[in-house]
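Open the coordinates in your viewer and keep a selection tool at hand. The stops below say what to pick and what is found there.

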Amino acid sequence: MPIRLHDSMTRSVRELKPAHDDGVFRFYNCGPTVYAPAHIGNFRTFVVNDVIRRLLELEFGPGKVKHVRNLTDVDDKTIKRARDAGRPLADVTRQWTAKFHADCLALNCLRPHVEPTATDHIREQVDMIDVLLCKRHAYRTPDGSVYFRVSSFQEYGELSHLQERELRLGSALAGKPQPADADEKEDGSDFALWKAWKPEDGDVKWPGPDSAAAGRPGWHIECSAMSKKHLGDNIDLHTGGEDLLFPHHENEIAQSECCNGVTFANHWYHSKHLLVDGKKMSKSLGNLYTLDDLTAKGFSPMAVRYALLAGHPSKQLNFTLDSLHAAESALETLRKYKAELMFNLGKDAAGFAAVQQALHDDLNTPAALGALFSIVNRGAKNVDPNSFEAAMWALGFDLAKTNAPKSEAPAGVIALAAKRWAAKQAKDFTAADALRRELTAAGWSMLDRKDGYSLEPLKH
RNA sequence: GGUGCGGUAGCCAAGUGGUAAGGCCGAGCUCUGCAAAAGCUCUAUCCGGCGGUUCGAUUCCGCCCCGCACCUCCA
């Protein structure tokens, strides 16, 4: 069953297929900048891309997909972070890379086959810049920086569908302060390939392209260089969040195609942003969540994954704490269904085919979840457990990870619970009820069973 | 100003030219000292508004209202 996915370049839904003779599907996903913990908006993109990766493997075979996702470990933000903390750049980026990996693991995202970093590919970036200089697609400025000459690339703006007029005088620009390098550039839409060292960069610098100053690469060039190195000049799919469409991906196309002379990517996919409570996430609104923020509230990472997949990746998704509660409950239902399946081995192998069918149809994750529960609601009889497992794998749900980690109850709460249990055994229900109210006030719920009880924190 | 996306039940969210998936919440019942869990059942005469096309539109077209995003380094 072919995978069909929206293509930002043609603005149409097209089939994904490897274009190269070796049959390996070349997949590049723009990764995070490692200067702080990623927020759930970032993770929407990475979880969606993880589902794409899984579908590709199911379709073409595990050995026939090469998934590359970069780590941006040198840019204004990382440098500022290191400078403010008085720590070496590599130290800071190592810390946040580790955090990113831990979060991805918790969200059950498969590791990309290659995770290149910008600082490990300075040579490759410089080489590309040299070629662009040589071909007159780039020029040096007096301070030793290098810029890409946008006017030298006819197709510029094709992906974002921005016309030259809009690129130059978008009114959003009108009120904004001009970038510091505005005077240096031949044209306002030119962008930096190489940034000459400045005092605030501290010890962050590398030898530059031919006759340019020492400094560091511009942001866009890293993806062009790493994509070229690990996947070749022409790749099958390039993805990222919607904000990357312009200018990042537009610039990547310009650099790569001017350098390599061939089409950069055959297919582009951009997932839409996450909103929280109907608004764009921002620190000032207090609605910016990291994974840790949510697990601290008692939610499981798997519920976060579920909630992130509950909306169509091509549409903005409104994330709320209520949606996390819904996700947690839904996963619990799946866990019980799975347990039931184990005692009810059926043979209907096609059982959950509808789930993958929905995913193959432009990554319709909400429809896939709908199909999933429609089948689950029919009961476990006759269903082949392998079919269920395949659906879980495609969505990346690890049901063993469903339950939120149980917090340890404080000693006072444990004592109250013990007292209540004793009162209950003595059939002193008045006292037992009073103690239950005390436990509730303390933020805990006591769950009775025939032979004992357990304690759970109340969710808020 | 330019470029896009969207407005479907209390919340989240699919979808279709022929009459509304799914999840959550809620309600009722069974069970149960209480609470929870579990099981069963129910929950949009209607898809932002107004026109148009059509035998028929939530689904196509036009206009309007509202929300969101991008427009040079935010996934």
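Select glycine 278 to begin: in this predicted model, its relative accessible area is 42%. Glycine 278 therefore counts as partly exposed, a class that runs between the buried limit of under 20% and the exposed limit of over 50%. Show the ribbon around it, and the residue is found in the loop that joins β11 (274-276) to β12 (279-280). Now add methionine 1 to the selection. The two residues are 277 apart along the chain, and 36 Å separates the C-alpha atom of glycine 278 from that of methionine 1.

Next, select residues 245-260, which form helix α8. Is this helix mostly covered or mostly uncovered? It is mostly covered, with 13 of the 16 residues of α8 buried. Step just past the end of α8 to glycine 261, where phi is positive, at about 75°.

For a helix pair, select residues 40-60 (helix α1) together with residues 385-395 (helix α14). Two packed helices are described by the distance between their axes and the angle between them. Here the axes come within 7 Å and cross at roughly 135°. An angle from over 115 up to 145 degrees falls in the oblique class, and α1 and α14 are therefore oblique to each other. Turn on side chains to see which residues meet: α1 supplies Val51, Arg54, Glu57 and Leu58, and α14 supplies Trp393, Ala394 and Leu395. Of the residues in this contact, five are nonpolar and two are charged, with no polar ones.

The last stop is RNA strand B. Select the protein residues around the strand, 60 in number. Those that come nearest are Lys195, Gly241, Lys280, Lys336 and Asp448. By class, this surface holds 21 nonpolar, 22 polar and 17 charged residues. Which element gives the largest share of the surface? That is helix α13 (residues 365-376), with six residues.

Now colour the strand by sugar, phosphate and base. Among its atoms within 4 Å of the protein, 57% belong to sugar or phosphate, and the rest belong to bases. Three individual contacts can be picked out in turn:

- Histidine 312: a backbone N or O atom is 2.8 Å from a phosphate oxygen of RNA strand B.
- Glutamine 316: a polar side-chain atom is 2.8 Å from a sugar or linking oxygen of RNA strand B.
- Arginine 420: a polar side-chain atom is 2.9 Å from a base oxygen of RNA strand B.

How values were computed:
Residues are numbered from 1 along each chain as its sequence is written. Chains are lettered from A and ligands numbered from 1 in the order in which they are written. This is a predicted model: local features need pLDDT of at least 70, side-chain atom pairs count only at pLDDT 80 or more; totals for chains, interfaces and linings use all residues. Side-chain values use heavy atoms; hydrogens and water are left out. Axes are lines fitted to C-alpha atoms, for helices over the stretch in contact, and angles run from 0 to 180 degrees between N-to-C directions. Helices (H or I, at least four residues) and strands (E, at least two) are DSSP runs, numbered from the N terminus. Angles under 35 degrees count as roughly parallel, over 145 as roughly antiparallel, 65 to 115 as roughly perpendicular and the rest as oblique. Contact means heavy atoms within 4.5 Å. Ala, Val, Leu, Ile, Met, Phe, Trp, Tyr, Cys and Pro count as nonpolar, Asp, Glu, Lys and Arg as charged, and the others, Gly among them, as polar. A residue is near a molecule or strand if one of its heavy atoms lies within 4 Å of it. A polar contact is a pair of N or O atoms within 3.5 Å; within protein, one must be able to donate a hydrogen and the other to accept it, and residues adjacent in sequence count only if both atoms are side-chain atoms. Buried means under 20% relative accessible area, exposed over 50%, partly exposed in between (1.4 Å probe, protein chains only).
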